[in-house]
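Trainee: I should like to request a close look at one part of this structure, with the surrounding chain as background.

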Amino acid sequence: MLQGLDFISESELADWVNKHLDSEAVALSSGYQGKTLLYSENNHKLVIKVPLGNFIFRPVNLALLRHEYQIYQQLQGMQAVPVCYGMANKQFLVIEFIEGHTIREKRPETDSEYYIKLLSAIKEMHDRKVAHFDLKRMENLLVDKNNDPKIIDFGVSVLRKGGLHWLNQYLFKLAQQFDFNAWARHKYNKNMENLAQEDRQYYKKTAIEVASKRIKRFYKDKILKKLRNRA
Ligand SMILES: Nc1ncnc2c1ncn2[C@@H]1O[C@H](COP(=O)(O)OP(=O)(O)O)[C@@H](O)[C@H]1O
Ligand SMILES: [Mg+2]
């Protein structure tokens with residue numbers, strides 16, 4: 001049985017998933033890696049992440065989902081992270097459904113308490129050896145009923161290992177900086193010229209971000225201009 005779930009068994013959940021996998025009505029998101037479904041029956045709501053793909057890619061996507069499960073275990077008990085019930089039939093990741101909306105749908109104002117709470121959640125997450133790496137995506141940050149932050153989607157998060165793993169340490173540091181930069185970008189709605197003195201310590205563009213911005217600008221300026229001129 002999944003931890004803390006007494007109203008449905010793992011095999012019943014798996015049956016539900018197989019029945020609803022192609023239903024658009026219950027899909028929260030859908031990509032080539034997998035699907036995120038909203039289970040909503042008899043007053044119970046759950047989020048279920050399902051790996052997709054052919055015989056080569058499905059095992060890879062399943063491994064990513066198991067990685068996400070491991071991260072959730074590391075973060076259980078945090079106010080800003082949903083409860084994770086486990087992997088149903090070792091295949092599907094089962095998570096508490098958060099009533100609310102994403103910051104893409106409605107972004108809290110710059111001076112809102114939301115960003116203070118989000119910053120302390122990011123710091124606690126880092127203390128627990130997890131760096132998210134994908135907080136720039138506004139769909140990965142939720143606002144719950146009390147207007148508090150909830151962090152989701154740990155698919156590409158980095159778990160810091162002990163000892164001398166130089167690549168892991170480098171990635172963890174990079175992901176930590178990405179998390180802080182994303183926090184600042186959301187707080188100031190990308191108007192970084194408004195960055196307050198006390199928030200400057202959190203916003204440091206990494207070489208990778210600078211390079212990717214340059215590539216994007218080059219693409220926009222040169223290539224699109226050429227195409228437009230040709231049209
Ligand atoms: N625990 C949750 N509570 C409420 N909505 C969620 C939850 N988890 C995911 N969602 C919704 O489903 C979307 C996709 O989930 P996510 O975990 O980000 O999957 P993906 O790996 O496809 O990006 C989110 O952007 C959000 O809108
Ligand atoms: Mg996501």
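Trainee: What percentage of the 231 residues in the chain do the buried residues make up? After that, please examine in detail the open sheet that three strands form.

Mentor: The model is a predicted one, in which local features need pLDDT of at least 70 and side-chain atom pairs count only at pLDDT 80 or more, whereas totals for chains, interfaces and linings use all residues. Residues are numbered from 1 along each chain as its sequence is written, while chains are lettered from A and ligands numbered from 1 in the order in which they are written.

Buried residues make up 26% of the 231 residues in the chain. A residue is termed buried if 20 or more other C-beta atoms, placed from the backbone, lie within 10 Å of its own, exposed if 12 or fewer do, and partly exposed in between. Along the principal axes, the C-alpha atoms fill a box of roughly 55 × 50 × 40 Å. The chain has five helices and ten strands; these are DSSP runs numbered from the N terminus, with at least four residues (H or I) for a helix and at least two (E) for a strand.

We now turn to the sheet. Its three strands follow the order β6-β8-β9, with antiparallel pairing. Two strands are said to pair if DSSP finds at least two bridges between them. In general, the strands of a sheet pair through backbone hydrogen bonds, either parallel or antiparallel. At the edges stand β6 (100–102) and β9 (149–151); each has a single partner strand, so one side of each has no neighbour in the sheet. On average, neighbouring strands here are turned by 30 degrees against each other, direction ignored. Such angles are taken between axes, which are lines fitted to C-alpha atoms (for helices over the stretch in contact); in general they run from 0 to 180 degrees between N-to-C directions.

The individual pairings can be followed residue by residue. β6 and β8 are joined by three bridges, and His101 has Val143 of β8 as its bridge partner. Three bridges also join β8 (residues 141–144) to β9. Val143 has a bridge partner in β9 too, namely Pro149, and Leu142 is partnered there by Lys150. β8 and β9 form a hairpin with four residues between them, and in the turn Asn147 has a positive phi of about 65 degrees.

A helix belongs to this picture as well. Helix α3 (residues 113–127) lies across β8 and β9, and runs at about 35 degrees to β9. Arg128 is placed in the loop between α3 and β7 (130–131). Arg128 is partly exposed, because 16 other C-beta atoms lie within 10 Å. If neighbours within four places in sequence are left aside, Arg128 is in contact with Gln74 and Leu75; contact requires that the C-beta atoms of two residues, placed from the backbone, lie within 7 Å.

Beyond the sheet, in the loop between β9 and β10 (158–159), is Asp153. Asp153 has a positive phi near 65 degrees, although this residue is not glycine. Asp153 counts as buried because it has 20 C-beta neighbours inside 10 Å. Asp153 is also among the residues that come nearest to ligand 1, together with Leu28, Ser29, Ile98 and Glu139, out of the 17 residues around that ligand. A residue is near a molecule if its C-beta atom, placed from the backbone, lies within 6 Å of it.

The ligand shell leads to the domains of the chain. The assignment gives domain 1 (10–96) and domain 2 (112–227), with bounds taken from an automatic or database domain assignment. Each of these domains contributes at least three residues to the shell around ligand 1. The C-alpha centres of the two domains lie 24 Å apart. Eleven residues of domain 1 are in contact with 15 residues of domain 2.
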